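User: I'm new to this one and would like to know what the labels rest on. Could you take me through a few of them?

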Amino acid sequence: MKHRRGREGMTIVLGLLLGGSLLQAEGYRQIASRILQTPAVQSARMLAHAAEESARAAEGAQLPSLDAEIRGVWLKETPEMILHTGLGPVRPLPMGKKRNFTGGLTLRYPLFTGFAISARIDQAGWQREAARLKVLDLQRNLLLKAAELYSAVRGTQQILAAQSAAKKATLAALKKAEGMYRNGLIPPSALYNIRARAYEMDAQIARTRKQIGQLLNTLGYLSGRPVRSISGPISPAKLPATKRLIREAYTHRADLRILQSALQVDEAQIRLAESTLYPHIGVEAALKRQGDTLALNGDGFTNADRSYLGVDLSWNLFNGGQDRHRIEAARYRKLSRASALIDYRRRVANEIRNARLDLEALYARLRSAKMQVKAQREYYRLTRGRFENQLASADELSRAIADLAAARAKAASVRAGIEVQRAKLWLMSGVENFERTLGIAQR
């Protein structure tokens, strides 16, 4: 019952400290929703859109291209041909006109490129996927940072409440000491000791309020809008078992999937390098006409219709072994990426296991901190009674008040650490899982 009354008293003190700002208080869910729309996330999304357009541009290479062309040429002199027959004087013969126009439509299509086009399309597609996943990874990191700040604010507010309660106790002790001093029951040094403790509590409260303000400012910057005060815990859902968190991380962690996408990009790079070993075949057809006017109906000397159908085949037979070395280099890059992916998966699993152990240790610390608060509360009450009966000095009473405030502050810090650690474990399994627990999923 006494413990419950103590908690209720702390809640009342905290409410008085926040005052009217509670009307504007924001929960973590509202702040997290805004983070997903901040300029940093929007910038990453624009890069993802750019990668999307690049992938679509790469897909266009497998379609035929159609070009329209018109050219005009004005010669300085009329084209002439001189015949040397030996039968008389040499006379130049006109072979064209000074003005010439050419126009046409040309259709080109690569029949076979050694799979180079399909490799470039796959490469661009996986780069698009990597860009999309980078947005999710950025969101994960921002939400984790916001959780750290949010819990730090909550913990610091509880520390402020503990300090305010300590100041209230100090002022009550000071009032009692002043009465005892006026009756000659304690020396002036005892009175000054308690008064100095009250001033020290004022300084501590000022520092704590400054810390809260700075944390709220940083949280506001991160969320894109000023945050005046916060309300409520982060409250993610109950954590699943460690093995399930690891499985979820393997499936949903954006940073892991980025590495997997990079592995596919390397595979496409190998096929692109191998494409140089094959012949490249293309076809080209053109509807083309020429003339001395824009009507393109000829110039009276040569035919007006110059349409054609052509086939182009090219095959490099030897280039000093460059192709072979490029292929080997691409294969080694893929092997390196595959090894890095395996190592990264193991590291993620190890980090999740260690984070779970940290959470369990924090729960143990919280149980210890609660017992310390209970013990320091009882010791303070005992010391206060002894002081009022002149069995304890003012210094002992001041230390008891300070120790109780420190125990409460320690418990508040551990609670904040538990909140952060729970959010961290959820985010370690993937940002989509964390967003679903908060109901802020964007997809």
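Analyst: Sure, and keep in mind that the model is predicted. Let's start with a strand position: tryptophan 74 stands opposite arginine 99 in β4.

User: What makes β1 and strand β4 a pair?

Analyst: Two strands pair if there are at least two bridges between them. β1 and β4 (residues 99-112) have 10 bridges, in the antiparallel sense, so they pair by that rule.

User: How many residues of strand β1 are buried?

Analyst: Zero of the 10 residues in β1 (residues 65-74), so the strand is hardly covered by the under 20% rule.

User: Why is the pair of tyrosine 28 and tyrosine 150 called edge-to-face?

Analyst: Ring centres must lie within 6.5 Å, and planes over 60 degrees apart count as edge-to-face. Here the centres are 5.6 Å apart and the planes sit at 75 degrees, so the label fits. The pair links distant parts of the chain, 122 residues apart: tyrosine 28 is in helix α2 and tyrosine 150 in helix α4. Both tyrosines are buried. Ring pairs also link Tyr28 and Tyr150 with Phe434 into a cluster.

User: What makes phenylalanine 112 partly exposed?

Analyst: Its relative accessible area is 26%. Partly exposed runs between 20% and 50%, so phenylalanine 112 belongs there. Phenylalanine 115, at 47%, is partly exposed too. These two phenylalanines form an edge-to-face pair, 5.5 Å centre to centre with 85 degrees between the planes.

User: How do you know that arginine 345 lies over the face of tyrosine 250?

Analyst: Arginine 345 is 3.8 Å from the ring centre, and the distance cut-off is within 6 Å.

Note on methods:
Residues are numbered from 1 along each chain as its sequence is written. This is a predicted model: local features need pLDDT of at least 70, side-chain atom pairs count only at pLDDT 80 or more; totals for chains, interfaces and linings use all residues. Side-chain values use heavy atoms; hydrogens and water are left out. Rings of Phe, Tyr and Trp (its six-membered ring) pair if their centres lie within 6.5 Å; planes under 30 degrees apart count as stacked, over 60 as edge-to-face and the rest as tilted. Helices (H or I, at least four residues) and strands (E, at least two) are DSSP runs, numbered from the N terminus. Buried means under 20% relative accessible area, exposed over 50%, partly exposed in between (1.4 Å probe, protein chains only). A charge sits over a ring if NZ of Lys or CZ of Arg is within 6 Å of the ring centre and within 35 degrees of the ring normal.
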